[in-house]
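Welcome! Please work through the exercises below with the sequence and the 3D view open beside you. Try each task before you read its solution.

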Amino acid sequence: MEVVAVAIGLLAGFRIGFSAPWEEWWSGEASIYDQPRSSQPTANKTAPGSREPQPQQNRVMTVMLVGDSRIGKTLFCSRLASETNDQPAARREGTVEPETLSPTWRHVELASVRLDEPQPVEMRLRVEILDTPGRHELSGLLTPFYRQCGALVLMFDVASSASYASLQGFWLTHARAQRLNRRAHPPGSTIVLAHSSDERRERQVTRRDASSWCAAVGLTYFETHPKDTSSWRRMLTHLARECLLPA
């Protein structure tokens, strides 16, 4: 019964997340999910050789977070929402994160994002972030999200070697099966995010080990923590470049 209930929640979340009337709220370009970068529309290109930025664009990007339960996915979403949308602040360090049993959408709004390659582009970016269940037995229910979301973030907790091992094996295997071996998404749209939900806990996974492993498997590596104000912005800028700009 629990699996059936979660399945219903997942389907409901999928419908809500991908049927939301963003165009009514967002007086600009329609949302873009699964299109290859070469097929995505561009507007107002400058003359060849010019480095002048284009007029600011309104764009939407969907990002899916996956990883074990209680590694900080929900806390990370809450922190980004509070920092960008004036929503209630995320919970303090040291509190136990509740287990997510159904997909939850949060949005982040960045007033100005500049992408310098291959042509300067200024955009106002709305990011729809999907927080997903971390139970291994529910992973099969996430298949449509893997295929529809524009970007995929594989997360682990730096204070949990078990969550890191799970990401290296279980979650990467699913990402490869559902996404990385498909041509619909640019390779750079899947990244690894090392998260610290409580900096008072001893670190079990070093930055050097994690970044070396990511380089070996061809994934870009980022780190964030509760007091971080820049790394997560660089991460979203990287994903916007990979997902929203033409190849």
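Before starting, one definition for the helix exercise: an axis is a line fitted to C-alpha atoms, taken for a helix over the stretch in contact, and the angle runs from 0 to 180 degrees between the N-to-C directions. Please also keep in mind that this is a predicted model.

**Exercise 1: Getting an overview**

Task: Find how many helices and strands the protein chain has, and in which order its elements run.

Solution. Start by counting: the protein chain holds seven helices and six strands. Next, walk from the N terminus and note each element in turn, which gives α-α-β-α-β-β-α-β-α-β-α-β-α. Then look at burial: 49% of the 247 residues of the protein chain count as buried. Finally, turn to the contacts with a separation of 6 or more, where residues 24 or more positions apart account for 78%.

**Exercise 2: Two packed helices**

Task: Work out whether helix 5 and helix 6 are roughly parallel or roughly antiparallel to each other, and list the residues that make their contact.

Solution. Two packed helices are described by the angle between their axes and the distance between the axes. Helix 5 covers residues 161-180, and helix 6 covers residues 207-217. Their axes lie 13 Å apart and meet at an angle of about 20°. Angles under 35 degrees count as roughly parallel, so helix 5 and helix 6 are roughly parallel to each other. Their crossing is right-handed. On the side of helix 5, the contact is made by Tyr164, Leu167, Gln168, Leu172 and Arg176; helix 6 contributes Asp209, Ala210, Trp213 and Val217. Sorted by type, the residues of this contact are six nonpolar, one polar and two charged.

**Exercise 3: Two residues of helix 5**

Task: Decide whether Ala162 is buried or exposed, and do so for Leu172 too.

Solution. Take Ala162, which is placed in helix 5. The cut-off for exposed is over 50% relative accessible area; Ala162 has 53% relative accessibility, so Ala162 counts as exposed. Its C-alpha is 9.7 Å from that of Val205, with their positions 43 residues apart in sequence. Now take Leu172, also in helix 5. Buried means under 20%, and with a relative accessible area of 3%, Leu172 is buried. Neighbours within four places in sequence aside, Leu172 is in contact with Leu154, Leu167, Leu180, Trp213, Val217 and Leu219.

**Exercise 4: The loop between strand 1 and helix 3**

Task: Compare the surroundings of Gly67 with those of Arg70.

Solution. Gly67 sits in the loop between strand 1 and helix 3. At 0% relative accessibility, Gly67 counts as buried. Leaving out residues up to four places away in sequence, Gly67 touches Lys73, Pro133, Gly134, Met155 and Trp171. Gly67 and Val153 are 86 residues apart along the chain, while their C-alpha atoms are separated by 8.6 Å. Gly67 and Leu172 are 105 residues apart in sequence and 9.4 Å apart in space, C-alpha to C-alpha.

Arg70 lies in the loop between strand 1 and helix 3 as well. Arg70 is partly exposed, with a relative accessible area of 48%. Check its backbone next: most residues other than glycine have a negative phi. Arg70 has a positive phi, near 55°.

**Exercise 5: The nonpolar cores**

Task: Find which residues touch the most other members of the largest nonpolar core, and which element supplies the largest share of this core.

Solution. The largest nonpolar core has 30 residues, and Met61 and Leu125 touch the most other members. Among the elements that each supply at least two residues of this core are strand 1 (57-66), strand 3 (121-131) and helix 7 (231-244). The largest share, seven residues, comes from helix 7. A second, separate core has 25 residues, including Leu142, Phe145, Val192 and Ala194.

Now zoom in on Met61. Not counting residues up to four places away in sequence, Met61 touches Leu125, Arg126, Val127, Glu128, Leu236, Leu239, Ala240, Cys243 and Leu244.

Last, look at Thr237 in helix 7. Thr237 counts as buried at 18% relative accessibility. Beyond residues up to four places away in sequence, Thr237 touches Val113, Arg114 and Leu115.

Definitions and conventions:
Residues are numbered from 1 along each chain as its sequence is written. This is a predicted model: local features need pLDDT of at least 70, side-chain atom pairs count only at pLDDT 80 or more; totals for chains, interfaces and linings use all residues. Side-chain values use heavy atoms; hydrogens and water are left out. Helices (H or I, at least four residues) and strands (E, at least two) are DSSP runs, numbered from the N terminus. Buried means under 20% relative accessible area, exposed over 50%, partly exposed in between (1.4 Å probe, protein chains only). Angles under 35 degrees count as roughly parallel, over 145 as roughly antiparallel, 65 to 115 as roughly perpendicular and the rest as oblique. A crossing is left-handed if the near helix is turned anticlockwise from the far one by less than a right angle, and right-handed if clockwise. Contact means heavy atoms within 4.5 Å. Ala, Val, Leu, Ile, Met, Phe, Trp, Tyr, Cys and Pro count as nonpolar, Asp, Glu, Lys and Arg as charged, and the others, Gly among them, as polar. A nonpolar core is a set of buried Ala, Val, Leu, Ile, Met, Phe, Trp, Tyr and Cys residues joined through side-chain atoms within 4.5 Å.
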